[in-house]
Amino acid sequence: MAQPLSYLKESASQTAGPYVHIGLAPGAAGFDIYRTQLGEEIVGPDAPGERIRIEGVVLDGTGAPVKDVLLEVWQADAAGIYPHPEDPRFADCAPGFRGWGRVITDFETGLWAFDTVKPGPVMGRNGRMMAPHVSFWLVARGINIGLNTRMYFEDEDNSADPVLNLVEQAPRRETLLARKVGPGLYRFDIRLQGDGETVFLDI
């Protein structure tokens, strides 16, 4: 006789459907219903730091751009402070710095981009410093569970970063490095599968 379950069954996973943009980024879907789109501005005009632009594409296993991806980003300010009460230095966070943003890939080209300030090193667990980085979460049709990854800067010293050093193979670590392609401009392409697949984090 089967033993009865004392908890509810897990519902089936579903990919992000055709309404994801309407619900999470209505402006990109053609619905101009808010004065300011949620997540559009990561850093205010008065926040100090080096102003940068980060851009890229999300690629599928064949190398083709995925054109309906929603990406969310989190980062510290130029001093390495998160605008969150759990950061001990929260009160000293840069004025107007939100540290969170949401971007949509261009429906024609697949290109995404956002403007921010370059983050500073962040204090991690057990007092270990983490190299400057930006955290990403992305969803799209065909992705059952949102994917988490990080972006580091190739022109920073990343050698002691505790998270990056969990990736044993050097070529895999390189998938987390943004290339500097111009003054204040970084390129970070995310490959979902295949050769050069980006490292995704289980968090």
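1. Start with the contacts: in this predicted model, residues 24 or more positions apart make up 66% of the contacts with a separation of 6 or more. Of the 203 residues of the protein, 40% count as buried. The accessible surface comes to about 12,100 Å², and carbon and sulfur atoms account for 52% of that.

2. On secondary structure, there are two helices and 11 strands. Walking along the sequence, you get α-β-β-β-β-β-β-β-β-α-β-β-β.

3. One annotation to keep in view: UniProt, in an unreviewed entry, lists residues 54–82 under "domain: Intradiol ring-cleavage dioxygenases". In the model that span is 41% strand and 0% helix, and its end C-alpha atoms sit 19 Å apart.

4. Strand S2 (residues 70–75) deserves a look. Five of its six residues are buried, so S2 is largely enclosed by the rest of the structure. Which strands does S2 pair with? One is S3 (residues 100–104), antiparallel, over five bridges; here Leu71 has Val103 as its bridge partner. Another is S7 (residues 133–139), also running antiparallel and joined to S2 by six bridges. On that side, Val73 faces Phe136.

5. Next, Thr105, which is in the loop between S3 and S4 (111–117). Is this loop residue buried or exposed? Its relative accessible area is 2%, under the 20% cut-off, so Thr105 counts as buried. Its side chain has polar partners in the backbone: a polar side-chain atom lies 3.2 Å from the oxygen of Lys67, and the side chain reaches the nitrogen of Val69 at 3.0 Å. Leaving aside neighbours within four places in sequence, the contacts of Thr105 include Val66, Asp68 and Leu71, and also Gly110, Leu111 and Trp112. Leu71 ties this back to S2, as the residue bridged to Val103 in S3.

6. For a contrast, try Pro183, in the loop between S9 (177–182) and S10 (185–187). Pro183 has 87% relative accessibility, so this one counts as exposed. Pro183 is 132 residues from Arg51 in sequence, yet the two C-alpha atoms are 9.9 Å apart in space.

7. Now the aromatics. The structure has five aromatic pairs. In one of them, Trp112 and Phe114, the ring centres are 6.0 Å apart and the planes meet at 15°, so the pair is stacked. Trp112 is buried at 1% relative accessibility, and Phe114 is buried at 5%. Phe153 and Tyr186 make another pair, with centres 5.0 Å apart and planes at 80°, so that one is edge-to-face. What does the Phe153 and Tyr186 pair link? It joins distant parts of the chain, with Phe153 in S8 (residues 147–153) and Tyr186 in S10, 33 residues apart. Phe153 is buried at 0% relative accessibility, and Tyr186 is likewise buried at 0%.

8. Last, the aromatic cluster. Ring pairs connect Trp112, Phe114, Phe136 and Phe188. Some of these have come up already: Trp112 is among the contacts of Thr105, and Phe136 is the S7 residue opposite Val73. If you're browsing the model, Trp112 makes a handy starting point: from there you can go to Phe114 through the stacked pair, or to Thr105 through the contact.

Methods. Residues are numbered from 1 along each chain as its sequence is written. This is a predicted model: local features need pLDDT of at least 70, side-chain atom pairs count only at pLDDT 80 or more; totals for chains, interfaces and linings use all residues. Side-chain values use heavy atoms; hydrogens and water are left out. UniProt positions are given in the numbering used here, feature names are shortened, and annotations may be inferred rather than shown by experiment. Helices (H or I, at least four residues) and strands (E, at least two) are DSSP runs, numbered from the N terminus. Buried means under 20% relative accessible area, exposed over 50%, partly exposed in between (1.4 Å probe, protein chains only). Contact means heavy atoms within 4.5 Å. Accessible areas come from the Shrake-Rupley method with a 1.4 Å probe; for residues, only the protein chains shown count as cover. Two strands pair if DSSP finds at least two bridges between them. A polar contact is a pair of N or O atoms within 3.5 Å; within protein, one must be able to donate a hydrogen and the other to accept it, and residues adjacent in sequence count only if both atoms are side-chain atoms. Rings of Phe, Tyr and Trp (its six-membered ring) pair if their centres lie within 6.5 Å; planes under 30 degrees apart count as stacked, over 60 as edge-to-face and the rest as tilted.
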